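Thank you all for coming. I would like to walk you through one model today, taking the surface, the cysteines and the ligand in turn.

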Amino acid sequence: MPPFTGADFLRLDEVFSDEERLARDTVREFVTKEFLPRIQEHVRRDGSFPMELVAPMAELGLFGANLEGHGCAGMNNVAYGLVMQELERGDSGLRSFASVQGSLVMYPIHAMGSDAQKERWLPELAAGRAIGCFGLTEPDFGSHASGMRTRAERKGSSWVLNGTKRWITNGTLADVAVVWARTEDGIRGFLVEKDRPGFETADMKGKFSLRASVTSELFLQDVEVPDENRLPGAEGMKGPLSCLTQARYGIAWGAIGAAVACYEEALEYSREREVQGGPLAGKQLTQEKLVFMITEITKAQLLALRVAQIKDAGALHHSMVSMIKRNNVDIACQIARMARDLLGANGIVDDYQAMRHMVNLETVRTYEGTHDVHTLILGEHITGHRAI
Ligand SMILES: Cc1cc2nc3c(=O)[nH]c(=O)nc-3n(C[C@H](O)[C@H](O)[C@H](O)COP(=O)(O)OP(=O)(O)OC[C@H]3O[C@@H](n4cnc5c(N)ncnc54)[C@H](O)[C@@H]3O)c2cc1C
């Protein structure tokens, strides 16, 4: 594989600070040296993540990287975005691991948890000594998660949880699950430790996509947790939705990384592949594809950078995140497919990256708000008419 240089057509490197470039370059090197040599083996083994990389990832500050305090790296949102981009250049499963741990588990504890919850969990999660998962989706409720059937009922100073969560990243690996459940006062979030009686998990097998990521079901049968395990600051659907805004922000950057990996691979391949007496890169149709790729990547970088600046200024609106998640994942899907096409038959084997990214991106298009659901969120935002 040729050395990765990044696709920086509009010289955005000049806009990034030294710290931002350092964060990016450090993760880039980690992904190249430590992750990429391992990915083929883990993709072939459905649902296996290279757990030996959790400690080095924690050392690099990759868990909860844009949170302050409790052992978190406290990066700004540009550096954080660049980190997510580099992780997903490796694989969407690698970025998903960091996104779930940071945005979907550490963020709700950081933003909505009690002091005791923060002290108990955040340093452990930041250090990778504890793994977390986020249980919102159910077998019958994905996009419309507010219809959830999982219930939490008061029992003295405790809560009793019953229900099933499905499609939960890292469910069987997790020491603690953030479980969203319906109570008589509305949706609430609970921290459920893995050894609570009545709490079971199982891996989901047979995925074509995100194979190097663990996806699980959570089963809760009369699981009792004390009231101290309820997230005191989480009331209603805005609790889980605020976590999703954080995670979707990282996904919008991550998708650029997957797209760049495919673009670089297709560019390199088409320079070397001879067709009809000349390089594939010398054909007009190839150049049209490569020009589409680098133009869309550059536009996606600019969108993500601007939203990062707005987020750092504290003026983020969730519709902005919907726009960049929807757009950047969509162009990454198109670019991955074009790259796979340019590689011909070689494009279907795992010696090359394009098809792995292509099928991964199908998950990324679906989770954290589907492409169509983000269309409807944006549609409502600009027209004032709710069409969901
Ligand atoms: C690998 C993987 C990992 C995941 N990890 C997690 C996790 O860690 N935690 C978690 O809680 N969840 C997780 N999910 C679940 C994910 O968030 C859901 O799959 C997603 O929200 C979509 O829900 P669904 O699959 O039920 O699809 P549905 O909601 O049934 O959607 C099916 C189709 O209907 C469309 N649709 C939905 N509503 C409308 C509408 N109103 N109008 C028009 N079209 C509509 C959708 O766009 C889609 O095309 C994961 C999923 C995958 C695949």
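Let me begin with a definition: a residue is called buried under 20% relative accessible area, exposed over 50%, and partly exposed in between, using a 1.4 Å probe and protein chains only. Please keep in mind that this is a predicted model, in which local features need pLDDT of at least 70 and side-chain atom pairs count only at pLDDT 80 or more, while totals for chains, interfaces and linings use all residues. Residues are numbered from 1 along each chain as its sequence is written, and side-chain values use heavy atoms, with hydrogens and water left out.

With a relative accessible area of 47%, L10 is partly exposed.

Turning to the cysteines, a search of the whole structure finds 0 disulfides, where a disulfide is a pair of cysteine sulfur atoms within 2.5 Å. Why is C133 not bonded to C243, which holds the closest cysteine sulfur? The two sulfurs are 13 Å apart, which is too far for a bond, and C133 is itself buried, with a relative accessible area of 0%. In the case of C262, the closest cysteine sulfur belongs to C333 and lies 9.9 Å away, again too far for a bond, and C262 is also buried, at 0%.

Finally, the ligand makes polar contacts, meaning pairs of N or O atoms within 3.5 Å; within protein, one must be able to donate a hydrogen and the other to accept it, and residues adjacent in sequence count only if both atoms are side-chain atoms. A polar side-chain atom of S143 is 2.5 Å from a ligand oxygen, whereas a polar backbone atom of W167 lies 2.8 Å from a ligand nitrogen.
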